[in-house]
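User: Please take a close look at the metal site for me, and then connect it to the rest of the model. I would like one continuous account, with the cut-offs spelled out as you go.

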Amino acid sequence: MNKRVSALIVAATLSTALLPLQVLASQANAPLPFFATAHTILKDSIAMRTVEGYGQVPRLAEYLADKFRQGGFDEQDIHLLPQGETTALIVRFRGDGRSGKKPILLSAHMDVVEANPDDWQRNPYELTEEDGFYFGRGTSDNKFGVATLSTTLLRLKAEGFVPSRDIILALSGDEETAMATTMLMAGKYKHLIDAEFALVADGGGGLLDEAGQPISFTVDSAEKTYATYQVTARNPGGHSSLPRTDNAIYDLVQALANLRDHDFAVRYNDLTLAYFRHTAPLVDKAIGDAMLTFADNPQDPQALAVLRAHPEFGGSTGTTCVATMLKGGHAENALPQSASATINCRIFPGISVEDTLAELRQVTNNAALEWQVLDAPKASDASPMREDVFTAIANAVHAKYPGLPIIPHMASGASDALHFRAAGIPSYTFTGIFIKSSDEFAHGLNERVPVETLPFALGMWHSILTELAGD
Ligand SMILES: [Zn+2]
């Protein structure tokens, strides 16, 4: 899951048309169709420790497949795609094709990041409701997404809704680790998930200020390429009583100092400029002014400097690369024979992994350094700002939060959406979760979501799908 836009978004400067959350919560107390189903799926799925190494994802997939069978989905439209100890689950909700449009893909992931019960205040593998929150591993990332999307399809089916195009639910089984199930779906089984666009319920969504007032709703529509490089300086070494000026550690340190001082070129696209325009009214004036200036003229050096002084915004102005790990030497009384550093980059869409490596070589300015690209980074283009998608999202969100800004955003990577985009399916990531930055503990301890966000999310997905797959 991607970190949501946060910290510097201050005070609720928005229109007074926004209702306090307490009022919204009381409106949500009316019985909501299928709320109990969503709660049960959330509870049961959190009880399954779908952490890598425990082999529990297939159990969850089978559990969900059963719900779909019981809900009237045809066996031939339910696909389990095993991959090692995990699995993907694909469910097709057949429409009658009357719109003539390609399917809509919905996605979330069934696996979670490890949570050690000894470190938590409550059992992470048990859904606990307390102080207005649901606590448990996956309450936000990403069993909330699994439960809300699954329930919405079950509800639509039960209501007799006939989509005007197919709706496909694709649940991956190792998003937090290898993403092999995602690549399987986007590759060998692309025919099962091929769609006009994808809505991914894992990231983005609503942000509350510290007083609990809604500030904005974010839709991640692109992500930077996550790429990691290893750079190594080598040296014949020798005895430390006989030092020389050539030294692997000094060579590496010099290279990293050059990287620290390097400014990557300014980059922008329609999405990032729209993001700055929408976000400007929500932040401190000095930063907001810089955002507006940048949106009009991305080459403005002052605006760029202001944005880059704030890491949560600077990343939307270009590629970033930073040293994250270091090792070197082999004995305290020997000259180092090697020293290496790990450099993690978040590459702006449109720039290749290879071009970024060439820039790193140039910046570090030492032809003797050895470079290696770790793993197999995958680049994806930004998804276009589709009017149908953004309108449907706005309609669903504004029904409860009138006037709330809907902000297109570029995430810093990496999620399932990247593989869908790379397979030619534009993807938009958002959940129905509204949460304060200070309550955000995805991947961390005591992960939680506000209780009142569950009925909202169910209503939101129902509204979006009836609009995009209705008449
Ligand atoms: Zn996630």
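Analyst: Happy to! A donor here is an N, O or S atom within 2.8 Å of the metal (3.2 Å for Na, K and Ca), and since water is not among the atoms, sites may look incomplete. In sequence, the donor residues of the zinc ion follow the spacing H-x31-D-x60-D. Please keep in mind that this is a predicted model, in which local features need pLDDT of at least 70 and side-chain atom pairs count only at pLDDT 80 or more, while totals for chains, interfaces and linings use all residues. Residues are numbered from 1 along each chain as its sequence is written, and side-chain values use heavy atoms, with hydrogens and water left out.

The protein supplies His-109 through NE2, Asp-141 through an OD atom, and Asp-202 through two OD entries, lying 1.9 to 2.6 Å from the zinc ion. The angles among these four donor atoms run from 52 to 138 degrees, and the site is classed as irregular. For that label, four donors would be tetrahedral if all angles lay between 85 and 135 degrees; four are square planar, and six octahedral, if opposite donors are over 155 degrees apart and all others between 65 and 115; anything else is irregular. His-109 belongs to strand 3 (residues 104–109), whereas Asp-202 sits in the loop between strand 7 (197–200) and strand 8 (205–208), so this pair ties together parts that are 93 residues apart in sequence. Helices (H or I, at least four residues) and strands (E, at least two) are DSSP runs numbered from the N terminus.

Both of these residues are shielded: His-109 is buried at 0% relative accessibility, and Asp-202 is buried with a relative accessible area of 2%. Buried means under 20% relative accessible area, exposed over 50%, and partly exposed in between, using a 1.4 Å probe and protein chains only.

The zinc donor Asp-141 also takes part in a backbone feature: a cis peptide bond, with omega of about 15 degrees, joins Asp-141 to Asn-142. Asn-142 is in the loop between strand 5 (133–135) and helix 4 (143–158). Most peptide bonds are trans, and most residues other than glycine have a negative phi. Two residues have a positive phi without being glycine. Asp-131, in the loop between strand 4 (128–130) and strand 5, has a phi of about 55 degrees, and this residue is exposed, with a relative accessible area of 64%. Asn-365 has a phi of about 60 degrees; its loop runs between helix 12 (353–364) and strand 15 (370–374), and at 62% relative accessibility Asn-365 is exposed too.

Strand 3 and strand 7, which you met around the zinc ion, also border a pair of loops joined by charge. Asp-194 and Lys-102 form a salt bridge whose closest N and O atoms are 3.6 Å apart. Asp-194 is in the loop between helix 6 (190–193) and strand 7, and Lys-102 in the loop between strand 2 (86–93) and strand 3, so the pair ties together parts 92 residues apart in sequence. Asp-194 is partly exposed at 25%, and Lys-102 is partly exposed at 41%. A salt bridge means a side-chain nitrogen of Lys or Arg within 4 Å of a carboxyl oxygen of Asp or Glu; the whole structure has 24 of them.

Another one links Arg-122 and Glu-130 at 3.3 Å, where Arg-122 is buried at 16% and Glu-130 is partly exposed at 32%. Glu-223 and Arg-421 pair up at 3.4 Å. Glu-223 lies in strand 9 (residues 214–223) and Arg-421 in helix 14 (residues 416–422), so they tie together parts 198 residues apart in sequence. Glu-223 is buried at 2%, as is Arg-421 at 7%. Elsewhere, salt bridges with shared partners join Glu-62, Asp-66, Arg-69 and Glu-75 into one network.

Lastly, a word on confidence. The average pLDDT, the predictor's confidence in each residue from 0 to 100, is 92 for this protein, and 93% of the residues score at least 70. Residues 1–28 stay under 50, and the model has 79 contacts (heavy atoms within 4.5 Å) for them beyond four places in sequence.
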